[in-house]
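Work through the exercises below with the sequence and the 3D view open beside you. Try each task before reading its solution.

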Amino acid sequence: MTKDDGINFAAFSGVNGVGSIRGLLATKKIARSLRVKIDALHARGKYTLTNSTFPKPRHEFDEGRTDDVEPTYRTEPKLKLASGIHISQLYAFMDEIIQQAMKKLQQDSTVDNKNRLCEEISHRIKQYLLGKSIERYRYVVIATICDKKGQGIFMTSRCMWQTEWDTSYSRQLSDFNHAIITTAFCLYKE
């Protein structure tokens, strides 16, 4: 190892490059603390010696979701998204979710409540789309809640878009004090 590795070797070097007692004791202390941490992880089932990789962190909303899809080398979907989702039903569902959120927002318009409502809106719409179980589509749902105080909002995004299969759906609702905007992007994963 070199000094480029980001480790300070000053404690380990003694006279003429031979390790010092202080350096050896420091190494022993670090190894012991790591062993205690690994044993604690092993006891909770989050670390094994045969597979030392930790599980991917998942959001609490993604319970039961599997991302394992076998490769088919297909470049277009078997079923187009529009035939699997009734757009009028999706818009009605999005409108219902936004109206419920607006009622909650009128009761409590704190920042924490706005964050929680954005998560709830995006999660419920994503779960609705996932419930349609159209193969190989991925969904990105963005919910925005803003105060209407005379300010402007400018948003933009860039992505590679397959116009035949990818699509987006957007709904908005506003009252005198707040505006809620949601957009669901449905993207085919080749």
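**Exercise 1. Find what share of the chain's contacts between residues at least 6 apart in sequence join residues at least 24 apart, and describe the order of the elements.**

Begin with contacts, where a contact means heavy atoms within 4.5 Å. Among contacts between residues at least 6 apart in sequence, 67% join residues at least 24 apart. The model is a predicted one, in which local features need pLDDT of at least 70 and side-chain atom pairs count only at pLDDT 80 or more, while totals for chains, interfaces and linings use all residues. Residues are numbered from 1 along each chain as its sequence is written, and side-chain values use heavy atoms, with hydrogens and water left out.

Next, list the elements, taking helices (H or I, at least four residues) and strands (E, at least two) as DSSP runs numbered from the N terminus. The chain has four helices and three strands, and from the N terminus on they run α-α-α-α-β-β-β.

**Exercise 2. State how much of the chain is buried, and locate a nonpolar patch on its surface.**

First fix the classes: buried means under 20% relative accessible area, exposed over 50%, and partly exposed in between (1.4 Å probe, protein chains only). By this rule, buried residues make up 25% of the 190 residues in the chain.

Then turn to the accessible surface, computed by the Shrake-Rupley method with a 1.4 Å probe, where for residues only the protein chains shown count as cover. For the chain this surface comes to about 14,200 Å², of which 54% belongs to carbon and sulfur atoms.

Finally, look for a patch, which is made of residues with over 30% relative accessible area and no salt bridge, like charges being joined within 9 Å and nonpolar side chains (Val, Leu, Ile, Met, Phe, Trp, Tyr) within 5 Å. Ile 21, Leu 24 and Leu 25 form such a nonpolar patch, with about 340 Å² of accessible area together. Leu 25 belongs to helix 1 (residues 21-43) and is exposed, at a relative accessible area of 55%.

**Exercise 3. Compare the reach of helix 3 with its expected span, and determine which elements its buried residues pack against.**

The expected span of a helix is 1.5 Å times one less than its number of residues. Helix 3 (residues 87-107) has 21 residues, and the 31 Å from its first C-alpha to its last is close to the 30 Å expected.

Next, pick out the buried residues of helix 3, which are Leu 90, Phe 93, Met 94, Ile 97, Ile 98, Ala 101, Met 102 and Leu 105. When reading such a list, recall that an α-helix has 3.6 residues a turn, so residues three or four places apart point the same way. The buried residues of helix 3 pack against helix 4 (111-131), strand 1 (137-147), strand 2 (167-174) and strand 3 (178-188).

**Exercise 4. Identify which parts of the chain are tied together by the salt bridges of Arg 171 with Asp 95 and of Lys 114 with Asp 147.**

A salt bridge is a side-chain nitrogen of Lys or Arg within 4 Å of a carboxyl oxygen of Asp or Glu, and the structure holds six of them.

Take the side chains of Arg 171 and Asp 95, which meet at 2.9 Å, N to O. Arg 171 lies in strand 2 and Asp 95 in helix 3, so this pair ties together parts that are 76 residues apart in sequence.

Now take Lys 114 and Asp 147, whose side chains meet at 2.7 Å, N to O. Lys 114 lies in helix 4 and Asp 147 in strand 1, so this pair ties together parts that are 33 residues apart in sequence. Lys 114 counts as buried at 13% relative accessibility, whereas Asp 147 is partly exposed at 21%.

**Exercise 5. Decide how many disulfides the structure has, and examine the surroundings of Cys 118.**

With a disulfide taken as a pair of cysteine sulfur atoms within 2.5 Å, a search of the whole structure finds zero. For Cys 118, the nearest cysteine sulfur is that of Cys 146, which is 9.5 Å away. Cys 118 counts as buried at 18% relative accessibility.

Leaving aside neighbours within four places in sequence, Thr 144 is in contact with Cys 118, Met 155, Ala 179, Ile 180 and Ile 181. Thr 144 is placed in strand 1 and, at 19% relative accessibility, counts as buried.
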